Amino acid sequence: MIDLANKCVLVRTHEEYKNILKVAKKQGYRWYGEKEVYLYPFEEQQVPDILKFYSNKELTRNASLTPGYELVEASDVTEDEKKLKDAISLVRTFTKYPNRTALTDSFIKSLKLLADTVESQMEEMKITAIARENLSNIYGGLVPNEIKLELSGQIVPDSYGKRIGYYDVEKKSYVSYFKKDKEEGNTDCFDAYKNSGCVKEKRHEIYTERDIKEVIDYYLMYDIKESSKNEPTEIEDYISRGIYINGYHKCRYELLFAADGMISRVVVEYKTNNIPMYDFIKGMEDDISEILEDDSCEDNIFYGIIKNHEIMMFDEFACGNNVEIENADDLTEMLASVRMLSCEFVKNGSKRGEVDGENNT
């Protein structure tokens, strides 16, 4: 199954339009500023069209291809869905008649497709967003102080912005995303939060069916509980260059990459006998080069982080972009900081997590 996040999908026919929105709905997408994805009336479907799928589960029409987004054909997405359905049917047939099903190449490919699909879904993690300001006293606590979010991949954003509405610069009018406001035909809920001093503004351009529109988005800001920025820096334990004869160090490093107002806060686990952090940083370029050559190497510290020559980076609102990495220098040039989050000594033969004293020569 093709993950639509950070994709621009070229739709050529009305039938493709209908099918791609079905896939989008399954993956939890909604139209920009709306609560869900729905099929526009036939006469409003502009084809050919480019649908842009953002990492925050929003999509827009009449979009243009921008850096960090991959252009794919709608037919490729729907064909992938068909292959997945065929694979499920084939495996179910095997479970019913195991003695009559041969291990053909097509059957093995079906198993691989299902395994890849399950693996991609297992990568999704649940994170918690905590409001920076107490929202419980605003408009009866309509917006919660804590929100549960789902995230694909291993990189966790520092913060999250819940968009509550926008200002149309040309029309000089406000649009509220609150259901109550839409039902009552006003912006009372939106105004209560906007005037509370808790919102953050973002001025940008969006593509509509007819033109480019300048808007100011309004967000309620949250911090992500699981972000490694909340962890203290390890200052007690360290690694010397001496040879440890009875065990090794298990370390967790936080690598902060930054570019164009976006960041990627990566946490890697590193096991070593006598390589301190300075030497670890010097050798990191080799790890990047290796994962760019083969991103299936599970022993590489960047496994699951750099995929298809790309790394995910987030802005302060948790809108993500896949940034292309052509070589190791592209990534190391964006390295803003490195710090140690934890360091424990594991004695040879001990169980995982069992820490003992250190002997070195």
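Q: How many aromatic pairs are there, and what makes two rings a pair?
A: The count comes to 13 aromatic pairs; rings of Phe, Tyr and Trp (its six-membered ring) pair if their centres lie within 6.5 Å. This is a predicted model, where local features need pLDDT of at least 70, side-chain atom pairs count only at pLDDT 80 or more, and totals for chains, interfaces and linings use all residues. Residues are numbered from 1 along each chain as its sequence is written, and side-chain values use heavy atoms, with hydrogens and water left out.

Q: Why is the pair of Y160 and Y222 called tilted?
A: Planes under 30 degrees apart count as stacked, over 60 as edge-to-face and the rest as tilted. The planes of Y160 and Y222 stand at 55°, with ring centres 6.1 Å apart, so this pair is tilted.

Q: What does the pair of Y160 and Y222 tie together?
A: Y160 lies in strand 8 (residues 159-168) and Y222 in strand 11 (residues 212-224), so the pair ties together parts 62 residues apart in sequence. Strands here are DSSP runs (E, at least two residues), and helices are runs of H or I of at least four, both numbered from the N terminus.

Q: What makes Y253 and F280 a stacked pair?
A: Their planes are 15° apart and their centres 4.4 Å apart, which fits stacked. Y253 is in strand 12 (residues 247-259) and F280 in helix 6 (residues 277-293).

Q: Why is the charged end of K52 said to sit over the ring of Y69?
A: NZ of Lys or CZ of Arg must be within 6 Å of the ring centre and within 35 degrees of the ring normal; the charged end of K52 sits over the Y69 ring, 4.7 Å from its centre.
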